[in-house]
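The exercises below are meant to be worked with the model open beside the text. Each one sets a task and is followed by a solution that proceeds step by step.

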Amino acid sequence: MKKIFFIVFLFFCILNLTAQGKKITTDDVDWQSFLSRHDLVWDTIVPDYYSGAILGNGLLGVNIFADNEKSVYRWNIGRSDVTENRKDGHVLYDKARLPIGGFKLCVKGNVVSEDMSLSLWNATVNGNLTTDKGKIDFKTFVDANNDIIVVETKTESSEIIKWVWSPDEAVSPRTKFAYTHSGIPKEYIENPN
């Protein structure tokens, strides 16, 4: 949907300039400057999967958001090829993409302020966490050609961080929503992973 919107938006920009007697091509656009005006910025990192900063290369991805625990942030890992592989049944359950888990960044101090931004041009997330013990800067990107996620952290003062792996249960995420419980296939419940 975003791609279609972008193409339509670009079409109207070109149409407008052409109507003014100027002919431009996509080579005439300063893409770095154009995209930087649309970078995503968080002045608070909330504990909500759907409000996180998402990066990926089509196979491997990461979503960065606050965890429900105090002073903990999550780098949730996903792969599009980690799926349920049951023979027959309901596509939402028996062919579902499965959660893997994520890394938790545990901060020693109490968080005073936090922010992060997603650069569309560089495809990186940069963030800052300020605690009563110091400051933590982080940078994350997913390599476009290799299936790796790079996370760089830098601490200042007496702040100490700890990384903890937090696995998720390998079941269809649809089982977590209350409105679907009546629709979960009996075979899926009786034969869990």
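**Exercise 1.** In which strand is the place of serine 157? Establish also its backbone phi and its accessibility in this predicted model.

*Solution.* Begin with the secondary structure, where serine 157 is placed in strand 9, which covers residues 149-157. Next read the backbone, where phi of serine 157 is near 65°, a positive value in a residue other than glycine. Finally consider the accessibility: exposed means over 50% relative accessible area, and serine 157, at 69%, therefore counts as exposed.

**Exercise 2.** Describe the overall make-up of the chain, taking the elements in sequence order and then the share of buried residues.

*Solution.* The secondary structure comes to four helices and 10 strands. Followed along the sequence, these elements give the pattern α-α-β-β-β-β-α-β-β-β-β-β-β-α. As for burial, the chain has 193 residues, of which 32% are buried.

**Exercise 3.** Work out the strand order of the open sheet that contains strand 9, and then follow its pairings residue by residue.

*Solution.* The order in this open sheet of five strands is 1-6-7-8-9, and the pairing is antiparallel. At the edges are strand 1 (40-42) and strand 9, each of which pairs on one side only. From one strand to the next, the twist averages 10°.

Now take the pairings in turn. Strand 6 and strand 7 are antiparallel and pair over eight bridges, and one register point is given by valine 111, whose bridge partner in strand 7 is threonine 131. Strand 7 is joined to strand 8 (residues 134-142) by eight bridges, again in the antiparallel sense. Here glycine 127 stands opposite phenylalanine 138 in strand 8, and asparagine 128 has aspartate 137 of strand 8 as its bridge partner. The connection between strand 7 and strand 8 is a hairpin with two residues between them.

**Exercise 4.** Where is alanine 123 found, and is this residue buried, partly exposed or exposed?

*Solution.* Alanine 123 is found in the loop between strand 6 (111-119) and strand 7 (124-131). These two strands form a hairpin with four residues between them, in which alanine 123 takes a positive phi near 55°. The residue is partly exposed, because its relative accessible area of 36% falls between the limits of 20% and 50%.

**Exercise 5.** Give the strand order of the open sheet that contains strand 2, and explain why one side of each edge strand is left without a neighbour.

*Solution.* The order is 2-3-4-5-10, in an open sheet of five strands with antiparallel pairing. Strand 2 (53-56) and strand 10 (161-167) stand at the edges and have a single partner strand each, so one side of each lacks a neighbour in the sheet. The twist averages 20° from one strand to the next.

Strand 2 and strand 3 pair antiparallel over four bridges, with leucine 55 bridged to valine 62 in strand 3. In their hairpin, which has three residues between the strands, glycine 58 takes a positive phi near 105°. Further along, strand 4 (residues 72-79) and strand 5 (residues 101-107) run antiparallel and are joined by six bridges, and isoleucine 77 stands opposite glycine 101 in strand 5.

The side chains complete the picture. In a regular strand they alternate between the two faces of the sheet. Along strand 2, Ala53 and Leu55 point to one face and are buried, whereas Ile54 and Gly56 point to the other and are not.

**Exercise 6.** Characterise the largest pocket by its volume, its lining and the strands that contribute to that lining.

*Solution.* The largest pocket holds about 920 Å³ of space. It is lined by 35 residues, of which Tyr49, Asn76, Pro99, Asp168 and Pro173 are the closest to its centre. Sorted by class, the lining has 17 nonpolar, 10 polar and eight charged residues. Strand 2, strand 3 (60-66) and strand 4 each supply at least two lining residues, and strand 3 gives the most, with six.

**Exercise 7.** Is glutamate 84 buried or exposed, and with which side chain does its own side chain make a polar contact?

*Solution.* Glutamate 84 lies in the loop between strand 4 and helix 3 (91-94). Its relative accessible area is 6%, and since buried means under 20%, glutamate 84 is buried. Its side chain makes a polar contact with the side chain of arginine 86, at 3.0 Å.

Technical notes
Residues numbered from 1 in each chain as written. Predicted model: local features only at pLDDT ≥ 70, side-chain atom pairs only at ≥ 80, totals over all residues. Heavy atoms only, no water. Pairing = 2+ DSSP bridges. Axes fitted to C-alpha atoms, helices over the stretch in contact; angles between N-to-C directions. 1 Å grid on protein atoms, 1.4 Å probe; cavity = no way out; pocket = protein on both sides within 12 Å on 5 of 7 lines; lining within 4 Å. Points joined across faces, edges and corners; volume = space filled by probe spheres on them. Nonpolar A, V, L, I, M, F, W, Y, C, P; charged D, E, K, R; others polar. Buried < 20%, exposed > 50% of the residue type's maximum accessible area, 1.4 Å probe, protein only. Polar contact = N/O pair within 3.5 Å; in protein donor to acceptor, adjacent residues only side chain to side chain.
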